[in-house]
Amino acid sequence: MTRLQSEGKCIFCNETFSDKGIGRHLTTHLKKMEKEQPSSNQAFHLKVSAGEMFLHLLVDGNTKFREIDGFLRAIWLECCGHLSSFQIKKKRYNIRWGGGGDFGEKMSSKISTVLEKGMQIDYRYDFGSTTPLDIKVVNVYSLKVKKGVTLLSRNEPLPILCDICKQEPAVVICSICIYEEASMFCEDCAKKHEQTCPDFEDYAASDVVNSPRMGVCGYEGGTIDTERDGVWKK
Ligand SMILES: [Zn+2]
Ligand SMILES: [Zn+2]
Ligand SMILES: [Zn+2]
Ligand SMILES: [Zn+2]
């Protein structure tokens with residue numbers, strides 16, 4: 001697949017930037033805020049990415065990993081309560097935490113006791129049909145922020161076109177055929193696919209949503225920020 005144009009809006013000024021530009025842009029706001037209202041409280045700017053999709057989060061240092069897990073599930077992931085885990089890349093003990101057993105760091109650990117600027121975390125949702133996410137600690141600020149997780153930006157719905165006609169926005173995925181061939185369809189092409197694919201008619205039709213979990217395990221979209229969770233409009 002060719003790389004899709006990915007862009008996001010800034011929560012502070014509502015301007016739109018490219019995937020690359022939005023991180024730098026948010027940094028200028030956050031640095032200014034830190035200068036104007038310094039605090040002993042720590043706040044973490046995290047970038048979560050999956051292919052062309054991204055989330056920029058501002059997270060209070062007292063937040064627990066479990067709460068970040070909950071946020072990611074609500075916006076991008078939750079289908080039927082699968083296990084999930086965090087793992088810090090290249091850290092010597094290189095262990096995962098979350099899901100069943102906790103070792104060392106725990107889901108109940110506060111992020112300020114674990115995270116440092118530049119750290120990369122490998123997050124996984126569902127150890128069967130896994131949706132992996134990369135989390136990067138972009139920066140750490142001395143800043144008083146809202147409790148928990150604040151969404152600073154996310155990619156707007158990607159311009160995904162129908163794999164058949166290549167003209168109209170794709171609105172539905174065949175979650176079975178996608179393993180064999182490109183299977184994202186516009187409404188008209190979906191009707192045609194229905195005639196040749198009994199699975200699609202029965203259960204395999206899955207909505208295109210603004211999440212890396214789309215088309216997997218019957219995922220039908222998030223429960224927060226739902227207005228940006230739809231399909232791309234031409
Ligand atoms: Zn801005
Ligand atoms: Zn599921
Ligand atoms: Zn089509
Ligand atoms: Zn199919």
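S84 stands opposite Y125 in β7, and that pair is a handy way into this predicted model. The strands β5 and β7 pair in the antiparallel sense over 5 bridges, where pairing needs DSSP to find at least two bridges between two strands. Strands here are DSSP runs of type E with at least two residues, helices are H or I runs of at least four, and both are numbered from the N terminus.

So how enclosed is β5? 5 of the 5 residues of β5 are buried, so this strand is largely enclosed by the rest of the structure. Buried means under 20% relative accessible area, exposed means over 50%, and partly exposed is in between, using a 1.4 Å probe and protein chains only. Both faces of β5 are covered, with S84, F86 and I88 buried on one side and S85 and Q87 buried on the other. In a regular strand, side chains alternate between the two faces of the sheet.

A quick word on the ground rules. Residues are numbered from 1 along each chain as its sequence is written, while chains are lettered from A and ligands numbered from 1 in the order in which they are written. Since the model is predicted, local features need pLDDT of at least 70 and side-chain atom pairs count only at pLDDT 80 or more, though totals for chains, interfaces and linings use all residues, and side-chain values use heavy atoms, with hydrogens and water left out.

**The nonpolar cores**

β5 is also one of the elements that give two or more residues to the largest nonpolar core, along with β3 (38–50), β4 (53–60), α2 (65–77), β7 (120–125), β8 (131–143) and β9 (149–154). A nonpolar core is a set of buried Ala, Val, Leu, Ile, Met, Phe, Trp, Tyr and Cys residues joined through side-chain atoms within 4.5 Å. Which element gives the most to this core? That's α2, with 7 residues. Of the 40 residues in the core, L46, L57, L72, W76 and L115 touch the most other members. Take L72: leaving aside its neighbours within four places in sequence, L72 is in contact (heavy atoms within 4.5 Å) with V48, L55, L77, Y123, L133 and I135. Apart from this core lies another one, of 12 residues, among them C10, L26, M33 and L58.

**Two domains**

The chain is divided into domain 1 (7–154) and domain 2 (172–228), with bounds that come from an automatic or database domain assignment. Their C-alpha centres lie 28 Å apart, and 20 residues of domain 1 are in contact with 14 residues of domain 2. The largest core draws at least three residues from each of the two domains.

**The zinc sites**

Here are three zinc sites side by side. Donors are N, O and S atoms within 2.8 Å of the metal (3.2 Å for Na, K and Ca), and water is not among the atoms, so sites may look incomplete.

| Zinc ion | Donors | Distances | Angles |
|---|---|---|---|
| ligand 1 | C10 (SG), C13 (SG), H25 (NE2), H29 (NE2) | 2.0 to 2.2 Å | 96 to 124 degrees |
| ligand 2 | C79 (SG), C80 (SG), H82 (NE2), C217 (SG) | 2.1 to 2.3 Å | 98 to 119 degrees |
| ligand 4 | C174 (SG), C177 (SG), H193 (NE2), C197 (SG) | 2.1 to 2.4 Å | 106 to 115 degrees |

The sites of ligand 1, ligand 2 and ligand 4 are tetrahedral. Four donors get that label if all angles lie between 85 and 135 degrees; four count as square planar and six as octahedral if opposite donors are over 155 degrees apart and all others between 65 and 115, and anything else is irregular.

What does each zinc ion hold together? For ligand 1, C13 is in the loop between β1 (7–9) and β2 (16–18) and H29 is in helix α1 (residues 19–36), so the pair ties together parts 16 residues apart in sequence. For ligand 2, the spacing is C-C-x1-H-x134-C. There, C79 sits in the loop between α2 and β5 and C217 in the segment after β12, so that pair ties together parts 138 residues apart in sequence. C79 is partly exposed, with a relative accessible area of 24%, and C217 is partly exposed too, at 42%.

For ligand 4, C177 lies in the loop between β10 (172–174) and β11 (184–185), and H193 in helix α3 (residues 187–196), so parts 16 residues apart in sequence are tied together. Both C177 and H193 are buried.
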